[in-house]
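Okay, thanks for coming, everyone. I'll walk through one structure today, so let me put it up on the screen.

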Amino acid sequence: MFKFLILVALVPAVMLQNADNVNYDNWDVIPFRPCAGARPPPATLRIENCPQMPCELRRGSSGMMVMDYTSLTDATELRPVVTATALGITAPYELPANIAAACNWLVGARCPTSVGEDLTWHLTMPITAIYPLVSVTIEVDLQDQSGQTQGCFVVDTRVVAN
């Protein structure tokens, strides 16, 4: 019976974990580079514990960022396409499925979104303990259900020991 009570208490807490519970007000607004091509940049980008580039990403933790953007389409789905470049090698950065469902990580909003809507999207990137201690350029491209970019940026980071 006690195990059941704990489960009943924990399930709502886990279900409430989303971007609405993130306090990013004291995070620094970071300058970023635009992505190549005609992909639009976000209005602003904030990264936790990153006052300047390159941002330090601690192994065994998570890098958290929020971007403010204006929706360019009516979006029923959103997904981040993340690529990382280190030591001259560019590869996709696969996010866990729950994080890749970007509609769940809009702050104070949910999909569907409308053209012209001002939105804030939160991204958490797991930095596993096995990552090498190297500099990494990260490109994040938030796309809608048809592959249309809603906001795209490039940041310089450095993986550091925890």
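Let's start at V160, which, leaving out residues up to four places away in sequence, touches E56, L57, R58, R59 and L133. Keep in mind that this is a predicted model. V160 sits in strand β10. Buried or exposed, then, for V160? It's buried, at a relative accessible area of 13%. There's also a long-range relationship here: V160 and C55 are 105 residues apart along the chain, and their C-alpha atoms are separated by 9.8 Å.

C55 is a handy way into the cysteines. How many disulfides are there? The count comes to three. C55 is bonded to C50, with an S to S distance of 2.0 Å. That link is left-handed, with -80° about the S-S bond. Both ends are tucked away: C50 has 1% relative accessibility and counts as buried, and C55 is buried too, at 2%.

Next, C35 and C152. Their sulfurs are 1.9 Å apart, and they form a disulfide. This link is left-handed as well, at -85° about the S-S bond. What does this pair tie together? C35 is in the loop between β2 (33-34) and β3 (44-47), while C152 is in strand β10 (residues 149-160), so the bond connects parts that are 117 residues apart in sequence. And yes, C35 and C152 are both buried.

Then there's C103 with C111, joined by a disulfide with an S to S distance of 1.9 Å. The torsion about that S-S bond is about -80°, so this disulfide is left-handed. Why does C103 count as buried while C111 is called partly exposed? The cut-off for buried is under 20% relative accessible area. C103 comes in at 13%, so it counts as buried. C111 has 21%, so it is partly exposed.

If you like connectivity shorthand, number the bonded cysteines of the protein chain in sequence order and the pairing reads 1-6, 2-3, 4-5.

Moving on to the packing. In soluble globular proteins, nonpolar side chains tend to be buried together. Here, the largest nonpolar core has 35 residues, and the ones touching the most other members are I47, Y69, L78, W121, L123, M125 and I138. Which elements give two or more residues to it? Those are β3, β4 (55-58), β5 (61-70), β6 (78-86), β8 (118-127), β9 (135-144) and β10. The largest share, five residues, comes from β8.

Take Y69 as an example of those well-connected residues. Not counting residues up to four places away in sequence, its contacts include P42, A43, L78, L106 and W121. Also among the residues Y69 touches are E117, D118 and Q150.

Last topic, the strands. Strands of a sheet pair through backbone hydrogen bonds, either parallel or antiparallel. In this model, there's an open sheet of four strands, in the order β1-β3-β5-β8, and the pairing is antiparallel. Which strands are at the edges? β1 (28-29) and β8, each of which pairs on one side only. β1 and β3 run antiparallel and are joined by two bridges. If you want to find the spot on screen, look for D28, which stands opposite I47 in β3. And I47 is one of those residues touching the most other members of the core.

Notes:
Residues are numbered from 1 along each chain as its sequence is written. This is a predicted model: local features need pLDDT of at least 70, side-chain atom pairs count only at pLDDT 80 or more; totals for chains, interfaces and linings use all residues. Side-chain values use heavy atoms; hydrogens and water are left out. A disulfide is a pair of cysteine sulfur atoms within 2.5 Å. Buried means under 20% relative accessible area, exposed over 50%, partly exposed in between (1.4 Å probe, protein chains only). Contact means heavy atoms within 4.5 Å. A nonpolar core is a set of buried Ala, Val, Leu, Ile, Met, Phe, Trp, Tyr and Cys residues joined through side-chain atoms within 4.5 Å. Two strands pair if DSSP finds at least two bridges between them.
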